[in-house]
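Got your viewer open? Load the model, switch on residue labels, and follow the stops below.

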Amino acid sequence: MTKQKPAKESVTIMTEMVLPNDTNTLNNLMGGRLMHWMDVVAAIAAQKHSNRIVVTASADNISFKQPINLGNVVTLRSQVTRAFNSSMEVFIEVTAEDIPARKKLMTHRAFFTFVAVDQNGRPIEVPEVSPESEEEKELFEGALRRRQLRLVLAKRMKPEDAVELRSIFNLDIK
Ligand SMILES: CC(C)(COP(=O)(O)OP(=O)(O)OC[C@H]1O[C@@H](n2cnc3c(N)ncnc32)[C@H](O)[C@@H]1OP(=O)(O)O)[C@@H](O)C(=O)NCCC(=O)NCCS
């Protein structure tokens, strides 16, 4: 198996137009539809990195600060930030564009975690990520703390074992 792959090899771009069937009664994009698109674009990035079947293990908190309107063009960009053993963190950025009005807005950023599995659904090892650009390096660095936070919240890690996470809060757990 390839031991390392550049982060940029997983970059995936998906473009959708918000149609009436995607909206709520206020004519704005439904949150569930956006999360579906995020899940798909992130899964493709994880597949590109691992060349494996992948399953969604978790999605970090997603907040909806502003609505995306009917007729907007939504672009989702995803990229694997870091891989651990069988899991990969994927960063997703969403922009919404009103093309006739020449307005473009970054609306969402989120992190999803995918696990590569074999034909029987058992976790399987994936290549490491080698970050190259400054942004890729920053995302790579932060990924360890974010992993610890989500594993603590999922009760898969003891808070006292989340060493890198604790260090940013200057926590001294005895
Ligand atoms: C994700 C899944 C494969 C993990 O299986 P598991 O038996 O718990 O396996 P492990 O304990 O060995 O964990 C495997 C990896 O998943 C990661 N993981 C498990 N739960 C996680 C969570 N809630 N958040 C982030 N990562 C998680 C572990 O940290 C581990 O990562 P690593 O190998 O890089 O160290 C399993 O829970 C599963 O199949 N879930 C359903 C996935 C699915 O159907 N998704 C669609 C939603 S309907």
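Where is the place of N28? Select N28 and you land in the loop between β2 (12–17) and α1; helices (H or I, at least four residues) and strands (E, at least two) are DSSP runs, numbered from the N terminus.

Before going on, some ground rules. This is a predicted model, where local features need pLDDT of at least 70, side-chain atom pairs count only at pLDDT 80 or more, and totals for chains, interfaces and linings use all residues. Residues are numbered from 1 along each chain as its sequence is written, and side-chain values use heavy atoms, with hydrogens and water left out.

**Stop 1: around N28**

Stay on N28: its relative accessibility is 13%, so it counts as buried (under 20% relative accessible area, with exposed over 50% and partly exposed in between; 1.4 Å probe, protein chains only). Now add D22, T23, P67, I68 and N69, which N28 contacts once its neighbours within four places in sequence are left aside; contact means heavy atoms within 4.5 Å. Zoom in on N69, whose side chain makes a polar contact of 2.9 Å with that of N28 (a pair of N or O atoms within 3.5 Å; within protein, one must be able to donate a hydrogen and the other to accept it, and residues adjacent in sequence count only if both atoms are side-chain atoms).

**Stop 2: helix α1**

Next, select residues 31–50, helix α1. Its buried residues include W37, M38 and H49. Just past the end of α1, check N51, with a positive phi of about 50°.

**Stop 3: helix α2**

Jump to residues 134–153 for α2. Centre on A143, where α2 bends by about 35°; that is the angle between axes fitted to the seven residues ending there and the seven starting there. A143 is also among the buried residues of α2, as are F140 and R146. Show β3 (53–59) and α3 (163–169) too, since they are among the elements that the buried residues of α2 pack against. Just after α2, K155 has a positive phi of about 60°.

**Stop 4: the ligand**

Which residues are closest to the ligand? Of the 16 that surround it, pick T56, N85, S86, S87 and R156 (a residue is near if one of its heavy atoms lies within 4 Å). Put a distance label from a ligand oxygen to a side-chain N or O atom of R156: 2.5 Å. For S86, the corresponding distance is 2.7 Å. Last, colour β3, which gives the most to the shell around the ligand, with four residues.

Key: Expected span 1.5 Å × (residues − 1).
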